[in-house]
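Colleague: I am new to this structure and would be grateful for a close look at a single part. Would you kindly describe one hairpin and the core to which its strands contribute?

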Amino acid sequence: QVQLVESGGGLVQPGGSLRLSCAASGSIFSRYAMGWYRQAPGKQRERVASITSAGITNYTDSVKGRFTIFRGSAKKTGYLQMNSLKPEDTAVYYCHVPFLGYWGQGTQVTVTS
């Protein structure tokens, strides 16, 4: 079974940047779409960004122009570059491979002054 391990979360001030990583135990991102999701306290989990196996990206409106999803050259790691962070971006962020049903364990992102 493939494992997904997120890293890169942390505490950052508004306007700052973070890069999240999602490491897979195999080169699955060359074959399957992946997405980044987030869940804030008291809210439903929402999809933030996704990328298909062909590299087509999609973003939720609230992060367009600020977040970028991409994959490493070996297609074993997925990334979410987050710029111009806002307090409302605070959440636990998860990577997900929908076709396989895999989720990572999540990484906390906190944006506060």
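Modeller: Two strands pair if DSSP finds at least two bridges between them. In this predicted model, strand 7 (residues 67–71) and strand 8 (residues 77–82) are joined by five bridges and run antiparallel. Within this pairing, R71 stands opposite G78 of strand 8. The two strands form a hairpin with five residues between them, and in the turn K75 has a positive phi of about 60 degrees.

The two faces of strand 7 may be taken separately. F67, I69 and R71 make up its covered face, whereas T68 and F70 belong to the uncovered one.

From the hairpin one may pass to the interior. The largest nonpolar core has 29 residues, and those that touch the most other members are L4, W36, L80, M82 and Y93. Strand 7 and strand 8 are among the elements that give two or more residues to this core; the others are strand 3 (18–24), strand 4 (34–39), strand 5 (46–51), strand 9 (91–97) and strand 11 (107–111).

Y93 links several of these names. Leaving aside its neighbours within four places in sequence, Y93 is in contact with F67, L80 and M82, and its further contacts are E6, L20, W36, Y37, R38, V48, G106, T107 and V109. Thus F67, placed on the covered face of strand 7, is one of the residues in contact with Y93.

How values were computed. Residues are numbered from 1 along each chain as its sequence is written. This is a predicted model: local features need pLDDT of at least 70, side-chain atom pairs count only at pLDDT 80 or more; totals for chains, interfaces and linings use all residues. Side-chain values use heavy atoms; hydrogens and water are left out. Buried means under 20% relative accessible area, exposed over 50%, partly exposed in between (1.4 Å probe, protein chains only). Helices (H or I, at least four residues) and strands (E, at least two) are DSSP runs, numbered from the N terminus. A nonpolar core is a set of buried Ala, Val, Leu, Ile, Met, Phe, Trp, Tyr and Cys residues joined through side-chain atoms within 4.5 Å. Contact means heavy atoms within 4.5 Å.
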